[in-house]
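Hi,

Here is the structure I promised to pass on to you. Have a look at it first, and then read on for my notes.

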Amino acid sequence: MCSGGKDSTYNMMKCVEDGHEIIALAHAHPPEDAAQEELDSYLFQTVGSSAVATIAECMDLPFYLQVIAGSAITQTLDYELTKDDETEDLFALLSNVKRHHPDVAGVSVGAIFSSYQANRVQHVCDRLGLTMLAYLWHREQVGLLREMVHDGVEAILIKVAAMGLGKDDLGITLKQAMPKLISLSEKYGVHACGEGGEFESFTLDCPLFKKRIVIDEVETIIHSPDIYSPVLYLKLKALHTEPNLVISLVWIAKICFIDSNHLTNSRSIVNNAADSAPRVAINHSPAVGRTNADANDLSLQLSGPAPEYALAFTDHIYCINEMSKLGRKGRMTELFNYMHLRVEMFSRKHSTHIDVWRDMINSGYNRALVVEDDVDFELDSVAVINRALSALNSTSTDWDILYIGHCSMEENQRKAHSAYSRLHKSTHPFCTSGYLLSRNGAKKLFAYFIEHYQQARALDIQLVALIKRKLLKSYSIYPPVVYQRRDLYPSDDGMELKVAKKFKNSAWNEALEFVPRLANWVDPLDSVYLHPAFKHIPSWMEDGNTVN
């Protein structure tokens, strides 16, 4: 299904990324004699509908249309076959596609949080024997928005319908709008991806397109002249296409209707969300005492300003901060704020991993994510960790440690996990830059190292020894999604530099690009202790004023 907006486009990209081939586009549009392009449909995006055929041209795909003749007669979340309901227009559209492409087996859907829409698409798919693929389902919206922009979705806002958005925002790109959308999300609970109807978009270019769309003429339509949040949209009156000078080879396969050969393990929208979407729960209260129900509740709404997000696959996140390393706490705090993660900066005079394990056990956490204070994250790290953990839990619940950051080039030498190709049993995952620890694993490690810790040997080498002796059930993600920033904090470890070359999309580098006050960020020198006369630290960088 192609609405023309960013969500349907990006879900198509995710289908291709997961190995599906796309063979056609389908779109439901308003009647030609409709007074306005905006129908206020509960199920379909209709603004920009007249230009969606151009997207099919850009992708060189067959294009199928269906007039929206019905309306939202059944408005409950669940749906049963109802005459003249707009859901039956969707059924007619997909039935037509299936007649022309008998082998079609799946439908790409850009739904994020609308159960109303998802339930109706699922209902139609069930009737036609199709699988609904919704890779964006229940994704955390701020992170998803950033990911879309980073991955090359060039879209413009063509409708605004929320307080804080107005005429000046029509026609601006998603990248230009992103800081404002995130700010409105934090202040007022606006859905950053527009899932609450706050805005709609139209895609001009993405890595799937062979051509890009250029808009020549638009008309601004006032749909509802509300004094506080007017509803305005752009009518795309004239446009043309231009050759795409750069086409990513990653995105050769195309979108929306997927050949059955790629659906040997058909998944519904619910299973798909569990497998591939980063499950993030909004939680303003301290992590202590969180229940599994809290962690898995995806319906929690923004309840206050500046929300922070706790990863649903953990009870807590630690960042081990060495107080003697000036600047690191400030950089990591800014990075976690940018990623909307609530993290405890575990700052002690001489913080160690053993101290973290003790705190994890005493706090009653079942799982904790531990990172060091000189690391960076891949932009898709949350999604990758979630997929790895889902795969791991599908076959084993007694694992001890999952390395998400390491400096080993051989963590993919052992056979990949059957449910996720980036998950492997650990070989020798040197470095402790980032890992997920189970409660059982924390107990094992703490009990062993309290008695056997050898200060003369590096901790990571001692951990590898336990893995080799099969005393620790360890898995690794390869390539890792966390790595140590040796360009910021030099080291003579050549292996770490080799692993770093596999790192593609830095969350810290993107923060520098999108957060103006970070543009000229420079850490203080970390490799030596400062002279006492220079121990003052800027308040925005550290919590305290001196280092002991």
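Let me start with the disulfide: the torsion about the S-S bond of Cys 407 and Cys 431 is about 85°, so this link is right-handed. Please keep in mind that this is a predicted model. The sulfur atoms of Cys 407 and Cys 431 lie 1.8 Å apart, and the count for the structure comes to 1 disulfide. The bond ties together distant parts of the chain, with its two cysteines 24 residues apart. Cys 407 belongs to the loop between strand S16 (401-405) and strand S17 (416-417), while Cys 431 is in the loop between strand S18 (420-425) and strand S19 (434-438). Both ends are out of the way of solvent by the 20% cut-off for burial: Cys 407 has a relative accessible area of 4%, so it counts as buried, and Cys 431 is buried too, at 7%.

Two other cysteines may catch your eye. Cys 15 has a relative accessible area of 0% and is therefore buried. Cys 125 is also buried, again at 0%.

Cys 125 brings us to helix H4, where it is one of the buried residues. H4 covers residues 115-128, and its 14 residues should span 20 Å at 1.5 Å a residue; the end C-alpha atoms are 20 Å apart, so expectation and model agree. Alongside Cys 125, the buried residues of H4 are Tyr 116, Ala 118, Arg 120, Val 121, Gln 122, Val 124 and Leu 128. When you look at how these are spaced, remember that an α-helix has 3.6 residues a turn, so residues three or four places apart point the same way. Within H4, the charged end of Arg 120 sits over the ring of Tyr 116, at 3.6 Å from the ring centre. Just after the helix, Gly 129 adopts a positive phi of about 70°.

A similar arrangement of charge and ring involves Arg 146, whose charged end sits over the ring of Tyr 338, 3.7 Å from its centre.

Now for the aromatics: how many aromatic pairs does a search of the whole structure find? There are 7. In one of them, the ring centres of Tyr 318 and Phe 346 are 5.7 Å apart and the planes meet at 80°, so the geometry is edge-to-face. This pair connects distant parts of the chain, from Tyr 318 in strand S12 (residues 316-322) to Phe 346 in strand S13 (residues 344-348), 28 residues apart. Tyr 318 is buried, with 0% relative accessible area, and Phe 346 is buried at 2%. Another pair, Tyr 403 with Tyr 435, is tilted, at 6.4 Å centre to centre and 55° between the planes. Here too the link is between distant parts of the chain, with Tyr 403 in strand S16 and Tyr 435 in strand S19, 32 residues apart. Both of these tyrosines are buried. Tyr 318 and Phe 346 also form one aromatic cluster with Tyr 365.

Finally, a word on confidence. The protein chain averages a pLDDT of 78, and 78% of the residues score at least 70. Over residues 524-548 the pLDDT is below 50, and this stretch has 36 contacts in the model beyond near neighbours in sequence. Residues 492-497 also stay under 50, with 8 contacts beyond four places in sequence.

Happy browsing, and best wishes!

Note on methods: Residues are numbered from 1 along each chain as its sequence is written. This is a predicted model: local features need pLDDT of at least 70, side-chain atom pairs count only at pLDDT 80 or more; totals for chains, interfaces and linings use all residues. Side-chain values use heavy atoms; hydrogens and water are left out. pLDDT is the predictor's confidence in each residue, from 0 to 100. Contact means heavy atoms within 4.5 Å. A disulfide is a pair of cysteine sulfur atoms within 2.5 Å. Helices (H or I, at least four residues) and strands (E, at least two) are DSSP runs, numbered from the N terminus. Buried means under 20% relative accessible area, exposed over 50%, partly exposed in between (1.4 Å probe, protein chains only). The expected span of a helix is 1.5 Å times one less than its number of residues. Rings of Phe, Tyr and Trp (its six-membered ring) pair if their centres lie within 6.5 Å; planes under 30 degrees apart count as stacked, over 60 as edge-to-face and the rest as tilted. A charge sits over a ring if NZ of Lys or CZ of Arg is within 6 Å of the ring centre and within 35 degrees of the ring normal.
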